[in-house]
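Colleague: I'd love to take a close look at one part of this model with you. Could you take me through the way its elements pack together?

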Amino acid sequence: MKEIISRVWRAIIEFSLIEADDRILIGLSGGKDSLFLTYMLAHIRRHSARPFSLGAFTIDTRFGETFPQQELQNFCDQLDIPFDSTIVDIPRAIAQAKVPDPCATCAYFRRGALNRIAGERGYNKVALAHHHDDAVETFMMGLFYAGRLKTFLPKTPQERSGLTIIRPLVYFREREIIENANQLGLQPLKNPCPYNGNTKRQEIKEMLSNLEAKDPEYYRRFSAAMRSGESAELWPAEPDRYTLKGRYLDFRGYDKNTQQR
Ligand code: SF4
């Protein structure tokens with residue numbers, strides 16, 4: 001347990017995730033990751049010299065027929081964390097959306113609802129349960145599907161909402177969370193979403209898992225590439241065609257305006 005807690009502390013301290021008097025709203029879906037996050041933050045709150053408060057909030061996505069309100073309420077009561085929930089009809093949002101990716105629509109609406117609730121109820125931070133595998137998968141998805149080097153940050157201040165998103169589990173591998181959640185007796189709820197396990201993220205997850213099975217160093221290297229710093233040696237950004245044409249004319253000795261020598 002000591003080693004697990006120190007991993008959460010490491011993220012909190014390295015990325016300055018929590019300050020005194022923070023009011024933090026935890027996005028609690030009821031899955032293993034968010035249960036583990038809620039449990040860990042309740043522990044940190046008990047042992048921190050900086051006082052901060054916690055709340056937990058669940059978006060009922062309407063994917064399942066029944067919403068396990070009471071189970072989540074009981075879990076939060078045990079940890080002395082106020083709990084609440086709201087309904088966001090994600091299947092309808094996906095059916096009406098123009099984008100073909102259901103997960104993008106789902107994430108957009110869930111994030112929007114959570115941030116709105118946090119703002120309305122006076123929270124200044126939202127804690128999400130993204131872990132290290134999520135970060136590496138997001139990094140690889142950016143590379144494979146969008147041609148860019150980008151992933152989420154452990155701490156993201158949002159200009160528009162004034163909220164800061166924090167991710168205290170970034171130093172945990174997914175398998176470690178599963179193992180620890182089991183040992184702690186946490187009981188994750190089943191994800192009723194029909195898209196679960198059938199997404200682009202799942203493809204990347206399986207690809208990474210296959211590579212790691214061949215050589216564990218692959219994962220470590222992808223993880224290292226996520227860090228900014230001297231290891232990055234990238235081409236400069238591609239210039240637009242006007243800039244390029246200007247440089248060409250200049251090189252050939254033409255006047256850029258008249259295009260005459
Ligand atoms: S798998 Fe389902 S619940 Fe998860 S982001 Fe995609 S649509 Fe939403």
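At roughly what angle do the axes of helix 6 and helix 9 cross?

Modeller: Happy to, and please keep in mind that this is a predicted model. The axes of helix 6, residues 132-146, and helix 9, residues 217-225, cross at roughly 75 degrees and come within 10 Å of each other. With that angle falling in the range of 65 to 115 degrees, helix 6 is roughly perpendicular to helix 9. On the helix 6 side, the contact is made by Val-136, Phe-139 and Met-140, and they meet Tyr-219, Phe-222 and Ser-223 of helix 9. Sorted by class, this contact has five nonpolar residues, one polar residue and no charged residues.

Helix 6 has another packing partner in helix 8, which covers residues 200-214. Here the axes are 10 Å apart and the angle is about 105 degrees, which makes helix 6 roughly perpendicular to helix 8. From helix 6, the residues in this contact are Val-136, Glu-137, Met-140, Met-141, Phe-144 and Tyr-145. Helix 8 brings Lys-200, Arg-201, Ile-204, Lys-205 and Leu-208. If you compare the lists, Val-136 and Met-140 turn up in the contact with helix 9 and again in the contact with helix 8. The contact with helix 8 divides into seven nonpolar residues, four charged residues and no polar ones.

Now let's turn to the sheet. It is an open sheet of six strands, ordered 3-2-1-4-6-5, and its pairing is mixed. The edges are taken by strand 3 (83-87) and strand 5 (155-157); each has a single partner strand, so one side of each is left without a neighbour in the sheet. On average, and ignoring direction, neighbouring strands are turned by 25 degrees against each other.

Within that order, strand 1 and strand 2 run parallel and are joined by five bridges. One pair to look for is Ile-26, whose bridge partner in strand 2 is Ala-56. Strand 2 is mostly covered, with six of its eight residues buried. Strand 4 (residues 125-127) and strand 6 (residues 164-166) also run parallel, joined by three bridges. There, Ala-127 stands opposite Ile-166 of strand 6.

Helices lie against this sheet too. Helix 2, residues 32-47, lies across strand 1 (23-27), strand 2 (53-60) and strand 4, and runs at about 160 degrees to strand 1. Helix 3, residues 69-78, packs on the sheet by touching strand 2 and strand 3, and its direction makes about 155 degrees with that of strand 3.

The loops on either side of helix 3 are worth a look as well. Between strand 2 and helix 3 you will find Arg-62, with a positive phi near 70 degrees although the residue is not glycine. Arg-62 has 15 other C-beta atoms within 10 Å and is therefore partly exposed. In the loop between helix 3 and strand 3 sits Asp-80, where phi is again positive in a residue other than glycine, near 60 degrees. Asp-80 is exposed, because 10 other C-beta atoms lie within 10 Å, and the cut-off for exposed is 12 or fewer.

Finally, a word on the ligand. Around the ligand are Pro-102, Cys-103, Cys-106, Ala-107, Cys-193, Tyr-195, Asn-196 and Thr-199. By class, this shell has six nonpolar residues, two polar residues and no charged ones.

Conventions. Residues are numbered from 1 along each chain as its sequence is written. This is a predicted model: local features need pLDDT of at least 70, side-chain atom pairs count only at pLDDT 80 or more; totals for chains, interfaces and linings use all residues. A residue is near a molecule or strand if its C-beta atom, placed from the backbone, lies within 6 Å of it. Ala, Val, Leu, Ile, Met, Phe, Trp, Tyr, Cys and Pro count as nonpolar, Asp, Glu, Lys and Arg as charged, and the others, Gly among them, as polar. Axes are lines fitted to C-alpha atoms, for helices over the stretch in contact, and angles run from 0 to 180 degrees between N-to-C directions. Helices (H or I, at least four residues) and strands (E, at least two) are DSSP runs, numbered from the N terminus. Angles under 35 degrees count as roughly parallel, over 145 as roughly antiparallel, 65 to 115 as roughly perpendicular and the rest as oblique. Two residues are in contact if their C-beta atoms, placed from the backbone, lie within 7 Å. Two strands pair if DSSP finds at least two bridges between them. A residue is buried if 20 or more other C-beta atoms lie within 10 Å of its own, exposed if 12 or fewer, and partly exposed in between; C-beta atoms are placed from the backbone.
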